[in-house]
Amino acid sequence: MTESPPPSLVQQFTRGWRGYVLIALIALASGLIGATKVPPLDIDEARFAQATRQMVESDDYVRIRLQDRDRNRKPIGIHWLQAASVHVFEPLTPKLNTIWPYRIPSALGLALAALATMWAGAALLPHRTALIGAGLFATGLLASLEGMIAKTDSVMVGFTTLAVAALAQLYAGKPRPRMMSLVFWAAIGAGTLIKGPITALVAALTLGALYAWERKAAWMKPLLWWPGPLLALAITLPWLISIGIVTNGAFYTELLANELGPKVAGADHSHSGFPGYYLLLLPLLIFPATYALPAAARISFAAIRAPRTDETHAALRFLLCWAIPTFVLFELFPTKLVHYTLPAYPAIALLCATGLMAMRMKQWRTMHPLGAVLFALFGGLIVALTAFVATYMPGGFDADFRRALSAGIIGALVVIASIVGLSLAKRPTARAGILIACALALSFSLRERTLPEARSLFVSQEAVAALTRARMMPRDQEPFWVVGYSQPSLIFLTRTSIRMVQPEEMAAQAEPGDSLVIEGRVLERTLALLQARDLGYEEVDAAARGIALGRGENTALHIGRVRKLSDAPPDAHQ
């Protein structure tokens, strides 16, 4: 009797806790790329980080404020996590305007989502397939970028995926159903604290679609075990009560008037999009799983055509009911942002992993060439984006061209080498390793090397550098006016006490010696209003020029001080 061959390294990592450790490391590496180097991003990231900073400064962990404005209609969970991270890393970052501690919860959220993806996959699919799917999700372009940014979406997806993974355990008939029910409801409660009803909505859509397809509800009964809903209520209710008391009930009226109304009605026309918006972006945003999308589509169509009683397609039905209703719902909303459909990406990644495994077992002659073409096309778009970002580094046209060419060549070599590797490798795990390595390499090139040096994309950072050179950084008890420019990154990088106003308010209250940052579009109007009060403006450094990412417009920030007209030097702005 011959002995069976020892398991390969990959087989070892698909067993037990080792696979989860590997996925956690991949996800953390994917989310933390660029976290310490990329400056704060307008508008959302800087708003969340600044609100958390004010929470830490004021020692008030119930209210959410941005400067002097209440933002209490927003769930508070992400601010608690960011504040905890700031306190943990305080010995390493004594200044509250260092951005990377605020980004740690997002990276941990990505890791949680990847681990939950593998947990869900392990209940429905072979362990190796689950491992591949979790790795593809963790290194996906959109998921990894959200894992770097200090806002809600990555953490929300983590708890949402955990809730649906608990449903997958129940659906597959795994032991300890009551424990799975508690995990589900705990994830619902935590997700509600992070981003309101999204987690519960995705779970409800999954359950509803599964019941409509299969007409089976017996496996859902453990969810009705009373300690589960009570646990979710215990997680959310204390904050809901405390914020209602602190704001005298204004929280609830603001939530209904400002959050639920526009969301349901799609009133944010600045973020409108056409039907099919998310579907068109999917091959780019889920890269590198783009390669397996054709195979995933093929097995999905087979599952849809199969009878509802066919148990061999049960796992695929669950994944389709997880992905498609969420995708369709957000496609129907007039308001569209690229990250809205991210809760469906773990299911799509698991479908891609299943397709990748099926490519070896089935005689599909077109799946590899079609996948390679899609991979090359959208990988090339990422390389082109990296090269374009390189043109925003300091220097003239010749320097821009050299940097863009260098970034493009390096990225193209990575993509070409990956395509060659995909053609030579036949094992799904080898192909998955190539895809993951390619995604990490491109992310490193963009977020660790190119983006931090693209200073023209971060005009607030350039303004802070100019203020530092001129020794004009805001100080306590000293008036500091920012006129016509409202990007929250400038608040976060300086002080909460700076005043962002329009020219009329500044001109009515400014006094000689006050420091000013004036946006170029309102410079002439500001000077005229100052002159009416016998005041002038002395520019002390060259204007900081670049793009205000929150508006997507070229911006010039002029830095100087208010002077009496009679005291201003001859070459000052008057």
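**Strand pairing, a helix and a surface patch**

Student: In this predicted model, how many bridges join strand S5 to strand S7?

Tutor: Strand S5 covers residues 515–519 and strand S7 covers residues 553–564, and the two run antiparallel. Within this pairing, serine 515 stands opposite arginine 561 in S7. The number of bridges that join S5 to S7 is five.

Student: Which residue in the turn between S6 and S7 has a positive phi?

Tutor: Strand S6, residues 535–548, pairs with S7 in the antiparallel sense over 11 bridges, and aspartate 541 stands opposite isoleucine 559 in S7. The two strands form a hairpin with four residues between them. The turn residue with a positive phi, of about 70°, is glycine 552.

Student: What span should helix H14 have at 1.5 Å a residue?

Tutor: Helix H14 runs over residues 293–305, which makes 13 residues. The expected span is 1.5 Å times one less than that number of residues, and the end C-alpha atoms of H14 lie apart by a distance that agrees with it. Both the expected span and the C-alpha distance are 18 Å.

Student: Against which helices do the buried residues of H14 pack?

Tutor: The buried residues of H14 include Leu293, Pro294, Ile299 and Ala303. The helices against which the buried residues of H14 pack are H10, H13, H15, H16 and H17.

Student: Why does leucine 237 count as partly exposed?

Tutor: Leucine 237 is placed in helix H11, residues 227–246, and helps to make a nonpolar surface patch of about 630 Å² with Trp226, Leu230, Leu233, Ile241 and Ile245. Partly exposed lies between the cut-offs of under 20% for buried and over 50% for exposed. Leucine 237 counts as partly exposed because its relative accessibility is 35%.

Key: Residues numbered from 1 in each chain as written. Predicted model: local features only at pLDDT ≥ 70, side-chain atom pairs only at ≥ 80, totals over all residues. Heavy atoms only, no water. Buried < 20%, exposed > 50% of the residue type's maximum accessible area, 1.4 Å probe, protein only. Contact = heavy atoms within 4.5 Å. Pairing = 2+ DSSP bridges. Patch = residues over 30% accessible without salt bridge, like charges linked within 9 Å, V, L, I, M, F, W, Y side chains within 5 Å. Areas by Shrake-Rupley, 256 points an atom, 1.4 Å probe, with all protein chains shown as cover. Salt bridge = Lys/Arg side-chain N within 4 Å of Asp/Glu carboxyl O.
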